[in-house]
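Notebook open, model loaded. I'll start with confidence, then look at some strands and one residue.

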Amino acid sequence: MKYTIFIFYYFILTTTVLKAQIKVEGNVFDKESKSPLEGVTIVFKNQEQEIAVFSDDNGYFKTELSNHQKFSVNASSVFTENLQFDFLSTKDTSLMITLSTINTVLDEVVIQKKKKVIESKIDRLVYNINNDPLAKTLSTEDLIKRIPLLRLRDNNLSIVGKGAVNVTVNGKLQQVSSSELVSFLSNFDPSMLKSIEVITTPPANFSAQGNAGIINIVTSQKNGKEENWNASLRTTYIQRSLPGSDNGLTFNYNKNKFSASTSLNYTLTQLKVDLENNGNGIKEITDRRDKGNRFGGYLNLNYQPAEKHDIAVSFNVFDAINENNYTNQRNNISTYLTDGNRRNEQTRYSGDINYTFKIDTLGKTITAFASYNANLPTERFKTFTVEQGTSTTEALNNLGKQSYKALSAQLDFHFPYGIGKLDYGVQYYSLTNDATIQYNFDNSLNAESFLYDENNYALYAGFTTKELGPFTFKGGLRYEYNDVYLENKGTNTVLPSRKKGNLFPSFYALYSMDNGDKLSVNYSKRINRPGFSVVTPFRWYNNPYSYEIGNPFILPYLSNNIQVNYTKGDFMISAYGQFIKNGYGDVDLFENNEWIYTYENYLDQTRYGITTSYTLNKMKWWESDLYATFYQNNLKSKVDYIEDKTGYGFSYQINNNILLDRDKKYMISLNYWQDLPFWNNNIYNHSFGSLDLGANVSLLDKKLNLSLLFTDIANQSITKTRAEFTNYIVYRREYFDARSFRVSLRYNFGSSSIKSVKKMDKFNERNRMN
């Protein structure tokens with residue numbers, strides 16, 4: 001085997017070469033795939049001293065050596081061939097080492113590094129999927145629900161105490177509406193994923209959308225030269241009030257420069273939903289049964305025609321039918337009984353291409369990315385309402401059709417230099433929705449049609465310094481120009497449009513102490529732009545007297561976020577502040593016996609909070625992750641029907657993994673989280689939580705996995721809120737059948753050397769400040 005060693009020298013802040021100690025750092029990469037190699041031992045040895053260091057999960061290592069001495073260097077691991085070379089220590093040096101892996105199948109793992117399921121880092125929380133035995137048999141939606149302090153409610157993702165987030169895959173923003181989110185996530189089989197990251201202060205190369213941060217899904221990125229394949233089958237039976245199932249098939253193939261990965265999945269979801277609203281003398285009780293059938297598929301292809309070129313193409317499609325039947329009782333001056341049926345059909349498909357050109361062996365790259373996706377949802381809604389004690393009846397039929405299309409493209413440059421790393425690029429996306437809704441009230445036909453067109457143009461640049469003594473700095477600046485056009489096609493009226501550019505700075509400073517402790521300060525500016533459903537004045541009815549409607553006058557709002565972090569071993573504590581001007585939120589209005597749910601720019605908001613985490617892993621058979629957050633929310637209202645409010649919140653989570661044997665074939669998971677009563681602006685939320693118990697058994701050399709999972713054992717996942725307005729109060733109670741029991745099986749088969757398709761991860765550990 002041939003080996004390639006690239007050694008380059010650089011100076012940082014000084015020209016002296018007479019220091020007693022010089023700093024040596026570097027990275028270790030796989031020769032074929034150029035992926036970082038973890039766990040490689042690098043030994044520097046001469047007659048006077050011998051120093052050994054290990055590469056981390058990014059392939060990075062560093063040490064200090066005596067100046068002006070000759071060393072023999074040996075790089076080795078159990079999965080690579082050894083490499084030896086001589087090194088003369090004359091000045092601070094950066095090494096780049098490439099090693100060839102060997103095709104050795106180990107019957108047993110002799111040396112193990114205990115890897116964490118959840119890692120708390122300076123700017124993010126990382127859920128390492130491969131380290132969670134229970135993840136093998138869950139869906140991606142279920143995995144997200146296991147991440148501490150992350151909440152998925154009513155298809156909306158948020159961070160406790162901070163607010164809404166957006167979803168990216170390998171650092172690329174996904175234009176996914178809330179109604180598509182669960183289906184989109186479920187198309188990714190957990191075996192294809194490496195980790196899920198909660199990034200609270202994203203750097204400049206990420207979209208500025210999402211006031212609380214980003215949820216970044218990182219796909220697996222292993223490949224190799226030898227030919228191999230593997231596949232897996234999974235099936236899950238889910239029992240709530242009604243039965244359901246989740247089934248999937250994955251297949252991976254790798255040969256020479258080509259690799260492919262695909263998955264197919266089918267999900268049957270049945271829920272019993274109970275809703276109760278009470279406000280301004282009107283009380284509504286809804287008893288609903290939901291049924292959803294979803295079929296999806298995902299294909300990812302990767303080809304490396306030459307060492308410097310990498311091309312990845314992916315396709316994602318799902319077809320879903322969601323239907324609910326319900327009865328609604330409305331009590332006001334009279335009592336109204338409504339029987340309703342809602343059927344939503346949608347077909348979403350997308351494709352993207354990612355090309356990376358490696359300029360040199362020092363890490364300089366140019367990446368081009370383009371994506372297109374479309375969704376064609378159709379919704380039919382029928383109700384029949386009777387006023388009790390009279391012969392009055394009302395019939396309502398709705399038919400809504402949308403044509404949603406999104407296009408995005410970006411060009412990114414990554415240039416490492418001796419003094420640091422420079423990143424810059426351009427990004428663009430467009431969103432178009434041509435939608436029509438027909439309303440038929442007692443055979444009186446009306447229709448509304450709107451055209452929504454949004455274009456966003458972005459430039460960014462960021463720079464990360466090398467270590468300047470104990471300090472590391474990272475700064476970035478992003479500019480986005482957003483242009484939104486909304487037209488009522490029925491009246492040929494152009495509604496208020498938005499054309500505005502904003503600068504979004506970000507800054508990070510890290511201080512690394514001699515004892516391994518770290519102190520950092522992060523700052524970022526973000527924006528939350530209203531989507532199509534928020535600004536489009538369609539009426540989405542529950543009964544003839546209650547509906548949700550968009551507000552075309554809603555404006556985006558900016559948020560400034562600052563965070564201070566301190567880590568000591570497995571303990572981390574963060575203090576943060578979030579400042580919002582002219583924010584928007586949902587409000588309840590009552591007009592002429594109608595209950596209207598809409599949106600208003602009504603608030604200035606400040607949030608202060610403290611988040612802590614600690615990992616207990618002193619015993620080999622038990623690992624416990626502890627999380628807690630306390631925050632204060634201050635609302636300054638800009639409308640007369642909502643008063644100023646200051647409230648507090650406290651949430652905590654305890655995750656336990658218990659191993660019952662040395663080979664990790666038998667495992668128990670016991671998790672509990674709870675949001676204690678808290679205020680979110682003018683809305684008081686009662687306590688909300690979930691106690692989950694799971695078990696995993698691995699058989700047949702871990703090819704067969706059997707899992708059991710009980711969720712919401714104590715039946716605490718019931719949303720109860722009290723929204724306080726100046727002249728009335730609105731109470732809500734919502735339960736979406738969260739308590740469940742599921743039995744899952746997954747069987748893996750194929751080549752012993754399993755290689756998943758390489759999916760380019762544009763925003764990985766090497767591009768962040770740790």
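Confidence first: the protein chain averages a pLDDT of 85 (the predictor's confidence in each residue, from 0 to 100), and 89% of the residues score at least 70. This is a predicted model, so I note the filters: local features need pLDDT of at least 70, side-chain atom pairs count only at pLDDT 80 or more, and totals for chains, interfaces and linings use all residues. Residues are numbered from 1 along each chain as its sequence is written, and side-chain values use heavy atoms, with hydrogens and water left out.

Next I checked the extremes. Confidence is lowest in strand β1 (residues 4-9), at a mean of 35, and highest in strand β45 (residues 729-735), at 96. Strands here are DSSP runs of E, at least two residues, numbered from the N terminus.

I also found pLDDT under 50 over residues 103-113, with four contacts beyond four places in sequence (contact: heavy atoms within 4.5 Å). Residues 752-770 also stay under 50, but there the model has 96 such contacts. Where pLDDT is low, the predicted coordinates should not be read in detail.

Then strand β6 (residues 69-77): seven of its nine residues are buried (under 20% relative accessible area, 1.4 Å probe, protein chains only), so the strand is largely enclosed by the rest of the structure. I looked up its partners, where pairing takes at least two DSSP bridges. Strand β3 (residues 41-45) joins β6 through five bridges, antiparallel, with F44 partnered by V73. Strand β7 (residues 80-89) is also antiparallel to β6, through eight bridges, and F71 stands opposite F87.

Last, T378 in strand β25 (residues 378-387). T378 is buried at 17%, and its C-alpha is 6.2 Å from that of Q346, 32 residues apart in sequence.

Definitions and conventions
Buried means under 20% relative accessible area, exposed over 50%, partly exposed in between (1.4 Å probe, protein chains only). Helices (H or I, at least four residues) and strands (E, at least two) are DSSP runs, numbered from the N terminus.
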